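This report describes how two chains meet. Please look over the sequence and the structure before reading on.

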Protein chains: 2
Amino acid sequence: MFGFTYYAPTKVVFGKDAEQQVGKLVAGFGAKRVLIHYGGRSALRSGLIDRVKAALDAEGIFHVELGGVVPNPHLSKVREGVSLAKENGIDFLLAVGGGSVIDSAKAIAYALADPERDVWELFLRQRRAAGCLPIGCVLTIAAAGSEMSNSCVITNEQTGEKRSYNDDIARPRFAVMDPALTCTLPDYQTEAGCADIMMHTMERYFTQGGNMELTDEIAEALLRTVMKHAEILHEHPDCYESRAEVMWASSLAHNDLTGCGNDGGDFATHLLEHELGGMFDVTHGAGLTALWPSWARYVYRDCLPRFVRYAEKVMGVQDQGQGNEQIALEGIARMEAFYRRIGMPVNMRELGIEPTEEQIQAMTRSCAAAAGGKKGSAKVLYPEDMAAIYRMAR
Amino acid sequence: MFGFTYYAPTKVVFGKDAEQQVGKLVAGFGAKRVLIHYGGRSALRSGLIDRVKAALDAEGIFHVELGGVVPNPHLSKVREGVSLAKENGIDFLLAVGGGSVIDSAKAIAYALADPERDVWELFLRQRRAAGCLPIGCVLTIAAAGSEMSNSCVITNEQTGEKRSYNDDIARPRFAVMDPALTCTLPDYQTEAGCADIMMHTMERYFTQGGNMELTDEIAEALLRTVMKHAEILHEHPDCYESRAEVMWASSLAHNDLTGCGNDGGDFATHLLEHELGGMFDVTHGAGLTALWPSWARYVYRDCLPRFVRYAEKVMGVQDQGQGNEQIALEGIARMEAFYRRIGMPVNMRELGIEPTEEQIQAMTRSCAAAAGGKKGSAKVLYPEDMAAIYRMAR
């Protein structure tokens with residue numbers, strides 16, 4: 001195994017009506033002037049934004065709000081948030097939403113801590129962040145894990161670039177998680193979220209050595225749990241217990257717990273998906289499931305022991321003398337069947353997009369540029385590999 | 001399941017030679033004057049204290065040192081540390097050791113933040129702490145989990161009381177974990193540590209409802225992993241990989257991860273052991289294994305579903321129609337056999353103590369007083385139950 005740093009300082013307040021504590025939590029960090037950042041109208045219609053405002057009012061905390069964050073959140077919205085926050089002397093970012101809203105808040109927080117420079121430079125890897133305003137969040141969808149993670153993904157809608165920037169200083173100070181808030185999510189969003197959660201752990205699982213047994217066991221535990229409850233939620237979307245299992249898994253899948261001791265993980269599927277997201281504006285979790293089976297079949301021979309372990313420990317494949325390659329392939333096939341059962345696409349056609357060869361070439365170029373030429377651990381992918389996987393996934 | 005707060009802000013730096021980073025870590029928290037707190041001569045003889053001092057010197061950080069912390073750390077040593085720290089204007093506590101040293105440092109840190117009042121009042125539950133100086137640690141034994149936990153256990157050697165106080169403000173700012181530092185530990189210390197690690201998770205596992213499936217799965221993963229590597233270390237004490245598995249498990253077993261969603265846990269075995277530790281100064285982990293089989297056989301009928309799950313998922317008992325009670329008892333018997341295989345006592349005689357009926361009565365009175373009259377979740381124990389378990393464990 002490799003040495004590692006583990007740092008997950010976010011205070012999690014989990015359970016029914018947890019959002020009522022948001023005012024006290026913000027006050028506990030000494031904040032006085034809050035920007036409430038959110039996405040679409042559902043947060044307004046459900047009364048959640050009003051409840052959050054009431055909780056802040058009760059502590060005498062000033063607030064302004066900015067909604068309209070979209071999935072694959074836009075750089076232009078980040079810039080709008082920065083302007084509004086500067087005008088109002090904001091000292092705390094409160095994200096009410098899922099990964100897109102939290103990531104948008106993180107980008108605003110980076111910008112405010114270094115107001116003279118363009119925040120997009122971080123995402124272009126031109127410099128490291130000088131600081132970050134404190135962030136808190138009220139989670140409304142279990143998926144991205146941004147509520148405890150150091151990651152932030154923003155799309156420059158003018159260039160079509162979807163880029164990430166990771167820094168521990170952006171980990172939220174607190175995350176309020178009320179599973180009941182997710183009970184009304186559409187099935188597609190729920191299941192795309194489950195797919196994203198699982199992928200955050202799978203990206204850390206499929207590596208070339210360096211694995212720690214405790215980490216592997218925890219990762220497998222998480223994957224089995226999310227699969228089980230994703231299927232329950234497909235039939236019974238209002239099951240609070242399953243919503244809670246999946247919500248807590250979203251945080252643990254991406255706060256680095258499932259990567260301790262590994263080599264940093266693979267993350268090629270995420271990289272490939274970012275280009276889909278940038279070019280076609282697909283739902284992130286669905287983009288991942290549309291690519292993963294092709295990625296897995298392209299790379300499994302180079303990482304056979306891990307695929308065999310995955311097949312046996314997570315997908316329940318039994319060794320009946322069929323050989324490791326067949327065990328691995330059966331594990332991939334069962335994963336694909338699981339995706340289908342929860343209504344997720346397993347190729348790009350099912351995702352509703354049919355990229356031309358020119359578009360595949362363009363995504364490959366952008367992918368390679370974002371990764372500095374190559375990406376992956378299970379198998380290191382070069383541009384020709386990336387293009388081959390895109391073609392397999394059509 | 002129940003709602004919960006999860007807060008594990010400790011920055012973990014894990015791996016070979018991690019202690020070299022201790023100077024930079026202390027400096028990162030803005031500290032200037034450090035009290036290095038440690039236990040016996042092994043930390044000196046091994047050169048670890050010198051390496052820690054060199055790392056602090058390299059950052060220009062002033063330091064004084066105080067060794068001599070014993071297992072079941074004494075209140076008198078805490079008071080000695082408080083005096084020394086006051087004389088030297090200490091602003092950071094650096095614990096180099098295991099749970100006893102870290103707990104002693106936590107008690108000193110509480111005292112320094114509120115210098116006019118007696119710190120023992122916290123342990124007598126007479127008040128809450130007003131503050132706590134920042135603490136960091138260099139871990140030298142995997143056991144107590146104090147490196148990420150909010151708990152602190154001190155023995156008042158004048159009264160024989162061993163008492164705990166828990167507060168999130170005492171969670172260490174950082175924990176440096178180099179598994180290689182534990183490779184020379186005596187087998188008994190290693191295995192008592194493994195027993196303690198497992199018990200921290202078992203205390204959270206054996207509860208009446210409120211359990212979360214993800215938490216259960218993670219707990220079971222941790223228990224299986226520690227059992228496996230405890231047996232490896234019994235034969236091959238210098239196996240770095242096994243030392244690393246056990247060390248990381250020590251933190252995860254007691255940073256509350258394995259209790260998320262439960263009712264707060266049982267912790268009766270810990271309570272019963274504290275009285276053994278206070279009266280006979282036994283090794284904590286060994287005291288736990290000497291009591292657990294008796295506790296388990298006393299309570300299992302009241303918490304049968306958990307004992308059955310434990311038997312099947314952790315101890316590998318197969319359901320062959322023998323009935324739940326037999327499955328549960330077989331799980332307990334296998335646990336007892338595991339303790340024997342790693343050289344741990346399964347009753348007080350094997351622990352080397354034979355308490356008289358008067359001593360059992362005294363421990364029971366103290367136990368009940370510490371718990372406010374009753375304790376436990378798997379089965380709520382009243383004084384007569386506590387005495388009965390002590391008698392069973394003789």
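The sections below cover the model, the contact, the strand pairing and the symmetry.

## Model and numbering

This is a predicted model, in which local features need pLDDT of at least 70, side-chain atom pairs count only at pLDDT 80 or more, and totals for chains, interfaces and linings use all residues. Residues are numbered from 1 along each chain as its sequence is written, and chains are lettered from A and ligands numbered from 1 in the order in which they are written.

## The contact

Chain A and chain B each give 31 residues to the contact, where two residues count as touching if their C-beta atoms, placed from the backbone, lie within 7 Å.

On the side of chain B that touches chain A, two or more residues come from each of β1 (4-14), α8 (213-235) and α9 (240-254) of chain B. Helices (H or I, at least four residues) and strands (E, at least two) are DSSP runs, numbered from the N terminus. β1(B) supplies the largest share of that side, 10 residues.

## Paired strands

Strand β1 of chain A (residues 4-14) pairs with β1(B) in the antiparallel sense over seven bridges; pairing requires that DSSP finds at least two bridges between two strands. F4(A) has F14(B) as its bridge partner in β1(B).

## Symmetry

A turn of 180 degrees with a shift of 0.0 Å along the axis lays chain B on chain A with an RMSD of 0.0 Å, after least-squares superposition on the C-alpha atoms of residues with pLDDT of at least 70 in both copies. This is the relation of a two-fold axis. The C-alpha of P9(B) is the nearest to the axis in chain B, 1.8 Å from it.

The same surface serves both copies, as 100% of the contact residues of chain B recur in chain A.
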